[in-house]
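This report describes cavities, salt bridges, helix geometry and backbone torsions in one protein chain. Please keep the structure in view while reading, since the text moves between parts of the chain.

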Amino acid sequence: MKKVKKIKNNILLHPMMTFILLIGITIVLSGILDLFDASVTYSSVNVKTGAVENTLVTVESLFSLSGLKYIFSNAVYNFASFTPLSMLLIVLIGFGILDESGFLDSFFFLLTKKMPKYIVTYIFTLLCMLSTITGDLSFIVFIPLGALLFKYGKRNPCVGIIDAFASVGLGYAINLTISSVDSELINSTELAARTITNGYNIGSSSYLLIMIFALIFASIIVTYITEKITAPKLGKYEVNSDEIIEDKETLTRREKRGLLIASFGAIIYLFIFIWNIIPNAPFGGKFLDYSQDRYIDMLFGYESFFNSGFVFIVTFFFFLIGFLYALGARKINNHRDICNYLSHSLDEIGKVIVLIFFASMFISLFKYTNIGSLITAFFANIIKNTSFGGVPLILLLFVISMITTLFLPSFVNRWTILSGSTVPTLMTAGFSPEFSQLIFSAGSSITYILTPVMAYFVIYISYIEKYNDAAGVKESISYLIPYSIAIMFMWLILILLWFVANIPLGIGASTAL
């Protein structure tokens, strides 16, 4: 048995080598496309004038002197400016004291001691999906949290990682109110819609009804797959000697005191935080950008303190409750204990950093080539020139959204290219702009978790590799495929049902124009 496992490990491509191979493929592919002068012209809407313009997309070759200069001169910069790396390192500081102080052990024990496993998984899945309103930080917080939740629950941490990544990624299309990403998508949708109907506006509750159903069904589906497919497939986790968690029947008196003190601290901190995101609150509301019109843009606008400091706000929250728990449970003897707690989660981060280096290099090079934009522009023209209507047009946009996500994962960048052709075409066919955006977002979320071009995919791969060094990129993606297939059918059923029955999408919005 050991010999078979050894042979498998020798054949399996390490995640680092996978990204190195992808870098090589990107360089060669860009050279080939440039050799054939690959380019696409698509219709876009000028933000300032509102006029429809033709935009040309060409491939930037890396298989040239200027391309090689870009590779070598930007490798360090691209790595240092890779957002997931800085966010991960900062958040892990907070996780270090949460974990090492014993807070997570006690908290998860209290939370799950009388709760069935599937209920714990469902609540965690639901929270992951709801968290997408905060944007990309959800991946950084919930992936390590999922690993620790399942680890302290005496389950395979990889199952928690997979559930977290799938829930957050698929949840990007599911928001009870508009998220920061939705707000930017709406701006492009309104701009494109106004080429047909002057002054067209989309409300913040336009998708409320269908999102309620999507959230309920998606959270149940993801939980079912996690419990019935993923968990049995991965099996029991073999812990190392330094990871062994002691069995206990109840919390000690010190642990209870630690949780009580940490809870009071958390309540005070959250009160201050919430008070400062309430618009025009007396002595509050300081985290908002009042130059924006929508509340979500006030919260996540580029000039808002909340957006620029959100990672540290979350990290300090983790530090505070971990520190207060350690004080209450008398697990701090001196300042050196605090320093050791803070650095705990970074002790074995070396392999993750190296993996992120190659991933950041691949993603930056692929983005530089414009291959993703070229493919998206190509499909934008297919929609523009199609003679489809009704259900075939819905399915065409849905499939195109799935395909283009694999090459250009950014919802905003892709919709900027697609909306100029998609929204007017669907409006001409009798569909509302809101419905067009919904189809796009739903289709995009299906393959969002399956593409290595997505920046936070490397965080998922890193954590899977941390707890299962025999898992490669291909195997890690295979864990996610059941989730994507199931949610794809869910969205297709909901979208077609809403269209056929002409059910309102939300307040003041329907499928028809």
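A cavity, as the word is used here, is a set of grid points over the protein atoms alone where a 1.4 Å probe fits but cannot get out. In this predicted model, the structure holds 2 cavities of 30 Å³ or more.

**Cavities**

The largest cavity has a volume of about 130 Å³. Its lining is made up of 17 residues, and those closest to the centre of the cavity are Ala173, Asn175, Asp182, Tyr207 and Met211. Helices α10 and α19, the latter spanning 433-448, each contribute at least two residues to this lining, and α19 provides the largest share, with 3 residues. By class, the lining of the largest cavity consists of 9 nonpolar, 7 polar and 1 charged residues.

The second largest cavity holds about 60 Å³ of space. Leu92, Ser345, Glu348, Ile349, Val352, Tyr463 and Lys466 line the second largest cavity, and they divide into 4 nonpolar, 1 polar and 2 charged residues.

**Salt bridges**

How many salt bridges does the model contain? The count comes to 3, under a rule that asks for a side-chain nitrogen of Lys or Arg within 4 Å of a carboxyl oxygen of Asp or Glu. The table gives the N to O distance for each pair.

| Basic residue | Acidic residue | N to O distance |
|---|---|---|
| Arg155 | Glu227 | 2.9 Å |
| Arg194 | Glu190 | 3.5 Å |
| Lys351 | Glu465 | 3.2 Å |

In the pair formed by Arg155 and Glu227, the closest N and O atoms are 2.9 Å apart. This pair links distant parts of the chain, with Arg155 in the loop between α7 (137-152) and α8 (157-170) and Glu227 in helix α10, 72 residues apart. Are these two partners buried or exposed? Both Arg155 and Glu227 are buried.

The salt bridge between Lys351 and Glu465 has an N to O distance of 3.2 Å. Because Lys351 lies in helix α15 (residues 350-369) and Glu465 in helix α20 (residues 457-467), this pair ties together parts that are 114 residues apart in sequence. Lys351 is partly exposed, with a relative accessible area of 46%, whereas Glu465 is buried, its relative accessible area being 7%.

For the salt bridge between Arg194 and Glu190, Arg194 counts as partly exposed because its relative accessibility is 32%, while Glu190, at 7%, counts as buried.

**Two kinked helices**

Helix α10, which supplies Glu227 to a salt bridge and at least two residues to the lining of the largest cavity, runs over residues 208-234. Its 27 residues should span 39 Å at 1.5 Å a residue, and the end C-alpha atoms are 36 Å apart, which agrees. The helix nevertheless has a kink of about 40 degrees, centred on Thr226. Gly235, which follows α10, has a positive phi near 75 degrees.

Helix α13 (residues 305-328) can be described in a similar manner: for its 24 residues the expected span at 1.5 Å a residue is 34 Å, and the separation of its end C-alpha atoms, 32 Å, agrees with that. A kink of about 45 degrees in α13 is centred on Val311, and just after the helix Arg330 takes a positive phi of about 55 degrees.

**Loops and backbone torsions**

Most residues other than glycine have a negative phi. Against that background, Lys154 has a positive phi, near 60 degrees. Lys154 is found in the loop between α7 and α8, which is also where Arg155 lies, and Lys154 is partly exposed, with a relative accessible area of 45%.

Asn370 likewise has a positive phi, of about 70 degrees, although it is not a glycine. Asn370 lies in the loop between α15 and α16 (371-385), and at 24% relative accessibility it counts as partly exposed.

A further loop residue is Met454, located between α19 and α20. With 3% relative accessibility, Met454 counts as buried, the cut-off for buried being under 20%. The C-alpha atom of Met454 is separated by 8.2 Å from that of Leu406, the two residues being 48 residues apart along the chain.

Methods:
Residues numbered from 1 in each chain as written. Predicted model: local features only at pLDDT ≥ 70, side-chain atom pairs only at ≥ 80, totals over all residues. Heavy atoms only, no water. Helix = DSSP H or I, 4+ residues; strand = E, 2+ residues; numbered from the N terminus. Expected span 1.5 Å × (residues − 1). Bend = angle between axes of the 7 residues up to and from the residue. Buried < 20%, exposed > 50% of the residue type's maximum accessible area, 1.4 Å probe, protein only. 1 Å grid on protein atoms, 1.4 Å probe; cavity = no way out; pocket = protein on both sides within 12 Å on 5 of 7 lines; lining within 4 Å. Points joined across faces, edges and corners; volume = space filled by probe spheres on them. Nonpolar A, V, L, I, M, F, W, Y, C, P; charged D, E, K, R; others polar.
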